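Visitor: I would like a close look at one part of this model. Please take the packing of two neighbouring helices as the starting point, and go on from there to the core and its aromatic rings.

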Amino acid sequence: LGRLALAAGVLLLALFYAVASSYVYLEPSLPTAAAMRNVELQVPLRVYTRGGQLIQQIGEQRRIPLTYEEIPQLVHEAFLAAEDDRFFRHHGIDYTGVLRAILVNLLSRGYTQGASTITMQAARNMFLSPKKDLRRKLSEVFVTLRMEHEFSKEQILATYLNVIFFGQRAYGVGAAAEAYFGKPLKELSVAEIATLAGLPKAPSDYNPVSNPRAAMARRHYVLQRMARLGYIDADTAERADAEVMLAREYAPLFDVEAPYVAEMVRQEIVSRYGEAAINSGYRVHTTIDGRM
């Protein structure tokens, strides 16, 4: 027993040394707290009338940044149910989830379950490359812990919901609501919210436009999880599960149809500031003849 305890102690010491050494090596390449606070999301150019009515959104990515308070509570709960129900109880790394994933994967003799928390996914999407190697994974852990130290849980959850990819060029849950259902996030039904919450796991596989059957199966899973966690009752889950999948491709919403004016504004912005300005979140207010 004494030898076993000694071996365990040596193993833990070696593990601590390896982690500490990795941090010292990677720390210069990690984003600082200041850089994290000042990061700018890629947001499409928005063209408005002088009265504040939206004419058009122009850009490669669709994104509608929302604060934590602007996102309905049921949306928060749906994503927690689908991705990380222990989010408000762990500190970025869910060790219980890691052990559960290892056990499931061993029993299934394959990789069927991951253990990425919402914070880890936010860190990966905001600050790291998609490359899958040991360096990236270790960096993800360190950035995750830094985010948990620097930001509140509400800030991290809002960040995740604004940066995660949903397919259809939509980044963030606000843009996804428009892209798949043609309406603002606050107007979505329970079934539509569950559909979106099921997408980040595999946006192409669970795309409700191109693969509605898989999307409905994933929606069913999310609704059952929401009911099990007490976010909705069983009757609500059953009614939402029976709802017909009405998702399709929608263009960005607008208030005034004036594409010629939007194109005039786009050309002027590019001539003044370059192509990069299109995805820099400019808000341009213009008259109907294109004068800014």
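Guide: This is a predicted model. In it, the axes of helix H5 (residues 118-127) and H6 come within 9 Å and cross at roughly 110°. H5 is therefore roughly perpendicular to H6. On the H5 side, the contact is made by Thr 119, Met 120, Ala 122, Ala 123, Arg 124 and Phe 127. H6 contributes Arg 136, Lys 137, Glu 140, Val 143, Thr 144, Met 147 and Glu 148. Sorted by class, the contact of H5 with H6 has 6 nonpolar, 5 charged and 2 polar residues.

After H6 (134-150) comes a loop leading to helix H7 (153-163), and Phe 151 is found in that loop. Phe 151 has a relative accessible area of 17%, so this residue counts as buried, the limit being under 20%. Neighbours within four places in sequence aside, Phe 151 is in contact with Met 36, Arg 37 and Ile 156. Of these, Arg 37 is 114 residues from Phe 151 in sequence, while their C-alpha atoms are 8.9 Å apart.

H5 and H6 also take part in the largest nonpolar core, being among the elements that give two or more residues to this core. The core has 53 residues, and those with the most contacts inside it are Phe 79, Phe 166, Tyr 180 and Leu 196. The other elements giving two or more residues are helix H3 (73-83), H7, helix H8 (173-181), helix H9 (190-197), helix H10 (212-228) and helix H11 (234-242). H8 gives the most, with 7 residues. In soluble globular proteins, nonpolar side chains tend to be buried together.

Phe 79 merits a separate description. Residues up to four places away in sequence not counted, Phe 79 touches Asp 84, Ile 118, Tyr 160, Leu 161, Phe 166, Val 173, Leu 196, Ala 197 and Pro 200. Phe 79 is buried, at 0% relative accessible area, and Phe 166 is buried at 0% as well.

The structure holds 4 aromatic pairs. One of them joins Phe 79 and Phe 166 edge-to-face, at 6.0 Å centre to centre with 85° between the planes. This pair links distant parts of the chain, with Phe 79 in helix H3 and Phe 166 in strand S3 (residues 165-167), 87 residues apart. Another edge-to-face pair is formed by Phe 87 and Phe 88, at 5.0 Å centre to centre and 80° between the planes. Here Phe 87 is buried, at 0% relative accessibility, whereas Phe 88 is partly exposed, at 39%. Ring pairs also link Phe 79 and Phe 166 with Tyr 160 into a cluster.

How values were computed:
Residues numbered from 1 in each chain as written. Predicted model: local features only at pLDDT ≥ 70, side-chain atom pairs only at ≥ 80, totals over all residues. Heavy atoms only, no water. Helix = DSSP H or I, 4+ residues; strand = E, 2+ residues; numbered from the N terminus. Buried < 20%, exposed > 50% of the residue type's maximum accessible area, 1.4 Å probe, protein only. Contact = heavy atoms within 4.5 Å. Axes fitted to C-alpha atoms, helices over the stretch in contact; angles between N-to-C directions. Parallel < 35°, antiparallel > 145°, perpendicular 65-115°, else oblique. Nonpolar A, V, L, I, M, F, W, Y, C, P; charged D, E, K, R; others polar. Core = buried A, V, L, I, M, F, W, Y, C linked by side-chain atoms within 4.5 Å. Phe/Tyr/Trp six-rings, centres within 6.5 Å; stacked < 30°, edge-to-face > 60°.
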